[in-house]
Structure formats: C-alpha cells, structure tokens
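Colleague: I am new to this structure. Please take me through its interior, one part at a time.

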Amino acid sequence: MNTAELYDAVIIGSGQAGTPLSTALAGAGMHTLLIERRHVGGTCVNEGCTPTKTMVASGRVAYLARRAADYGVQTGPISIDLAKVRQRKRKIVDSFRNGSQSKIEKTPSLELIFGEASFSGPKLVDVRLQDARHRTISAKYIFINAGTRASRPKLDGLDRVSFLDNISIMELDALPDHLLILGGGYIGLEFGQLFRRFGSRVTIVQSGSQLLSEEDQDIAEEVAKILRQDEIEVLLDAKATHVEDEESGKSIRLNVECNNEATTLRGSHLLVATGRVPNSDTLNLAAAKIQTDDRGFIHVNDRLETTAEGIYALGDIKGGPAFTHISYDDFRIIRANLLEKKAASTRNRQVPYTVFIDPQLGRIGLTEAQARAQGRNIRVAKIPMSRVARALEVDETRGFMKAIVDTESNQILGAAILGIEGGEIMSAVEIAMMGTLPYTALRDGIFAHPTLAESLNNLFTAMDSGT
C-alpha cells in the first residue's frame, strides 16, 4: 500500500467551483492538490455553456441571414459549413480551457494532476494517474466538484442503437437530415432550435405535458409556440417505448405512445437529452462515510458540508440547481467560511438562469405557480414583446415579459423574460431584487431610450393597470 501524501487541501474536479477554489486556497498558503480526470474547466467550458453558446451564435447568424429580406437586405442562398462551426467552437473551448490551466500551473503551492480519484477511507483518496500509476493522498480538507454526465433513460433497444448526447452532437461532421430529440428541457430545446436553423428537420419528444417542466404553463406554451413557428415538431405527453436501427444503421425508428395512440417516428439521428446523473458512482464515497440520495447526489448542508467531517461537495454533484453560476457561488461560500471566517450559506440565495433558445428565456425568483402554492397574495403583470419599442425596431417581437409582485410589500418575487436578450433584461430585475427595491422603482425609473431595459417601465406599469 502506498504511503499517503499529506496536503492541506485536495480538490476532486476542476469545474467552475474547484478551479477558483484551488487558486484561492493556494493563495492563502495552503498546500493544495487539484485532481482532474480529463480537461480543466469542467462541463461548462468543455461540454456545456461555452461550446453550446458558441454554436448557438452560429445558428442565430443563419437565422438572421435567412430573414435578411425582411430588413431590406438581399443575400444569396444560405449554407452551413458544419466543420467551420465545429472548428470555431473548438478554438474558443481550447482558449478558455488552456487559459484556466495555465493560471493553475503558475500558482505557487498548487499542484495539478490528471487521473481518476476515489476514496479508500476517511480523508484518504486514491488517484489512478493516466500512466496507470497510483498515488494515495490525505488532506485536512477535501472538496468534491466532480460534476454530472448525461443520463441514459430506460428505453427498450437504446443499448443497441447509436445515439447522441450533449457532447457527441457537437462533434458531428455532417448535418442530420432528421434529428429526433428525447427530452424537452433546456438541452433538448437549445440543440433542437440550433439544428433546425442549420437546416435539419427536428422532432422533440417530451414525456411531460409541457416543455420546461419547472416553468409556468403560459411560459411553456409560448416556448412551444415559438419552436413550432420555427417548424420544429413538438410532441407532448409522448412516451418513447422502443427504438431500433433501420437500413443497416442509416436511420432510426422510434416508437412513441402519444395521446393514447402508437406512433412511429423515423429519423437519421437520435439525441438523448433526458437529464443528468452525478459522477459519484466511481468515487467510492462509502469508504469516506459520505452519504448520497437514491440518485447518487451528495448530501450537503447549507454550508456545503457532507456527512463526513472536513469533506465538502460543490457544484452539480450535490444536486439542486445545476448552473455554472451556482457552482461559482458555492466556491464563494467555501472561501468566505474557510478563509474569511464568515458564516455564508446557500439559504435564500437567488437562482437566476437563462435558456438560450431564441428568443432567450431569462428566469429569476418564484414562478407564479410557486408563489400561489406558498399561499402568497400576489399580483402578476404580463406584456407581449410587441409592446416593447426596441423589439419592434429590430423586428424581434416574439415572446412576452412576466413579473410576480407581493401585494403587501410591493417586493418583486420573480420574473420570466421570454424575449430578445431575455437573460440581460432578467438580470436587471435581479439587481432590483438584490437591493430589495419595490417594483415601483423599476416602474418609475429612467432608462435610456430606446433600450430593452426601458421595457421594465412598461412591464411594471402594467402591474398597476392590470393589463
């Protein structure tokens, strides 16, 4: 058995919590080891936010090019060079990843190694390096930031067909003729609209009664309407029952039960986008007495402490909102408590997010359904983007804005902005919520004309008029 090497801190995974935490701990004088399985940067940089939003940008250019005549601009036929799209995506990913890795490697008291980590006992981590050697590590503090991966649904025949996930779909060298998508969450919707804009036929199969199951029904219906306007086929309450290859693997047949009727879909490619599972199954957490839920997500308290003393879990692997900015806030909580001797926690933190369909859906705070379920006395305002001057000027009027306000305190409880740059408009509402401003501050605030932010005057004026 290898003699354990002693560190002050060990971090498993270089995601959007682990990477800044490693440099912060080392900067505070702690002898720190960062263990990464494959690529620095985690899901966000390598397989999530960075590459997908880079490709979405290409899709939007194709969309605008096809609409050029609406603006009085004449263009020729539009074609997609998928290899160029992929090359651009890879270049940006490499830039982000290499920049992060360079900073880590230049940080004193911080060591980066590549290998598979697993617990061999309390406060003991075994690392199988890429050259098959092993190292045994012990530390006063251990932080787990190992993330999640695409889940694989129980679908008859799936193990016998070639299918795509959120990673492999971005490495295609030819456009799908007909892309079938299992799942109506943000991953399925973003890729669905992207490949429709690239020219593929797209069918989304959603087992639930609406897309984006956590959103209010009116939001979900408007999203479905927008996708259908883009000529994407959206099937709701549709349960996939069987999948198999046809034509020697050149096409895929998907059997679906929809509205109590059996339907057969045929496509060239299948994207499985039915959720995420934690990368905890290879960590041997039981050896360190770290408890998980029945899906494998690590139990933590509001200070991100696991059930094992001195061991913390950050980012997606602990369950809850799976967003880069939440992972980074997890890092801030650890830094505040461990290095700055504060009492930071995850309690009552805001969880903003944006779904990067076009138009974007920016969300902050409570949905209308959540507010009503809590028994709150609320007022709701909603206006179509067609009442926003800037949206009209740029001919981007799809979607609507919605806000929920506490009737007694006038505090903003939540907002959903489904419209052009919805994420940016949502962020302005979030800042008001952070400052506990009443909705009247946005209703009466002076915003530059004509900007999208000015639409907040319209939205919160509608709160008073009831329109």
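Modeller: A nonpolar core is a set of buried Ala, Val, Leu, Ile, Met, Phe, Trp, Tyr and Cys residues joined through side-chain atoms within 4.5 Å. Keep in mind that this is a predicted model.

Start with the largest nonpolar core. It has 35 residues. Ile 169, Phe 195, Leu 211 and Val 223 touch the most other members. Several elements give two or more residues to this core. The helices are α4 (82-105), α5 (186-198) and α6 (217-229). The strands are β7 (178-182), β8 (201-205), β16 (353-355) and β20 (412-419). The most comes from α5, which gives six residues.

Now pick out Val 223. Set aside its neighbours within four places in sequence. Val 223 is then in contact with Leu 189, Leu 211 and Leu 212. Ile 357 and Leu 418 are also in contact with Val 223. Apart from the largest core lies another core, of 26 residues. Among them are Ile 364, Ile 412, Ala 415 and Val 429.

Next, the empty space. The structure holds two cavities of 30 Å³ or more. The largest has a volume of about 40 Å³. Its lining includes Ala 150, Asp 165, Asn 166 and Ile 187. Val 272, Ala 273, Thr 274, Gly 275 and Arg 276 line it too. By class, this lining has four nonpolar, three polar and two charged residues.

The second largest cavity holds about 40 Å³ of space. Val 56, Arg 60, Glu 190, Gln 193, Leu 194 and Arg 197 line this second cavity. Two elements, α3 (49-66) and α5, give two or more residues to its lining. The largest share, four residues, comes from α5. So α5 gives the most to the largest core and also the largest share of this lining, with helices defined as DSSP runs. Three residues of the lining are charged, two are nonpolar and one is polar.

Last, the cysteines. A disulfide is a covalent bond between the sulfur atoms of two cysteines. The count here comes to zero disulfides. Look at Cys 44. Its closest cysteine sulfur is in Cys 49, 3.0 Å away. That is too far for a bond, because a disulfide needs the two sulfur atoms within 2.5 Å. Cys 49 is therefore in no disulfide either, with the sulfur of Cys 44 as its nearest, 3.0 Å away. Cys 44 is buried, with a relative accessible area of 12%. Cys 49 is partly exposed, with a relative accessible area of 32%.

Methods: Residues numbered from 1 in each chain as written. Predicted model: local features only at pLDDT ≥ 70, side-chain atom pairs only at ≥ 80, totals over all residues. Heavy atoms only, no water. Buried < 20%, exposed > 50% of the residue type's maximum accessible area, 1.4 Å probe, protein only. Contact = heavy atoms within 4.5 Å. 1 Å grid on protein atoms, 1.4 Å probe; cavity = no way out; pocket = protein on both sides within 12 Å on 5 of 7 lines; lining within 4 Å. Points joined across faces, edges and corners; volume = space filled by probe spheres on them. Nonpolar A, V, L, I, M, F, W, Y, C, P; charged D, E, K, R; others polar.
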